[in-house]
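Grab a pencil and work through these short exercises. Try each task yourself before you read its solution.

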Amino acid sequence: MNSTSRGTAMKQLEQYEAFIDSFSGATGGVIASLLLYPIENFRTRVQAMSVTDKEETDDGEKGQKKTPESKNILKLLAHLIQTEGVASFYKGLGSALAGTVVSYGVYFWW
C-alpha cells in the first residue's frame, strides 16, 4: 500500500466516523425528544391555561374557564387526557423532531 492510498483510506475512515457520530447524536436527540416532549407540552399547556383563565374577552368579561377548579397537576393531567386524549401531548412533535435531528446531527458532526 502506498502513502496516497493510505491517506485516502484514512480520510474515508474519518468521514465514516464523523457520519456515525452525527447519526448517533441525531438518533439520541430523537429518542430524548420522544420521551420528553409530552412533559414539555403538558407544562406549556398548563401555563397557557392559567393565562387563558385570567384574560378578558373583547366585551370586558372574563373568559370561560378551560381548566378544572383544582390546580392539582395530576387532576389537570387526567382532565386533559379525558377531554383531548393522550395523542394531544404529541401535537407539534414533527417540527420539534425535524429541528432536533438537524441540530444534534450538525453538533456531533464536528
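**Exercise 1.** For this predicted model, find the accessible surface of the protein and the share that belongs to carbon and sulfur atoms.

*Solution.* The accessible surface comes to about 8300 Å². Carbon and sulfur atoms hold 62% of that surface. As for burial, 20% of the 110 residues are buried.

**Exercise 2.** Work out which pattern the secondary structure follows along the sequence.

*Solution.* Start by counting: there are three helices and zero strands. Reading along the sequence then gives α-α-α.

**Exercise 3.** Arg43 and Glu40 meet in a salt bridge; work out how they are placed in helix α1.

*Solution.* First, check the distance: N to O is 2.4 Å, and the cut-off is within 4 Å. Next, look at the positions: the two residues sit three apart in helix α1 (residues 3-54), so about one helical turn separates them. Finally, check exposure: Arg43 is partly exposed at 41%, and Glu40 is partly exposed at 38%.

**Exercise 4.** Find which residues are linked in a network of salt bridges.

*Solution.* Begin with Glu84 and Arg45, whose side chains pair up at 2.3 Å, N to O. This pair links distant parts of the chain, with Glu84 in helix α2 (residues 73-84) and Arg45 in helix α1, 39 residues apart. Now add Lys91, which also bridges to Glu84, at 3.9 Å. Put together, the network is Arg45, Glu84 and Lys91.

Its members cover each kind of exposure: Arg45 is buried at 16%, Glu84 is partly exposed at 39%, and Lys91 is exposed at 54%.

Note on methods
Residues are numbered from 1 along each chain as its sequence is written. This is a predicted model: local features need pLDDT of at least 70, side-chain atom pairs count only at pLDDT 80 or more; totals for chains, interfaces and linings use all residues. Side-chain values use heavy atoms; hydrogens and water are left out. Helices (H or I, at least four residues) and strands (E, at least two) are DSSP runs, numbered from the N terminus. Buried means under 20% relative accessible area, exposed over 50%, partly exposed in between (1.4 Å probe, protein chains only). Accessible areas come from the Shrake-Rupley method with a 1.4 Å probe; for residues, only the protein chains shown count as cover.
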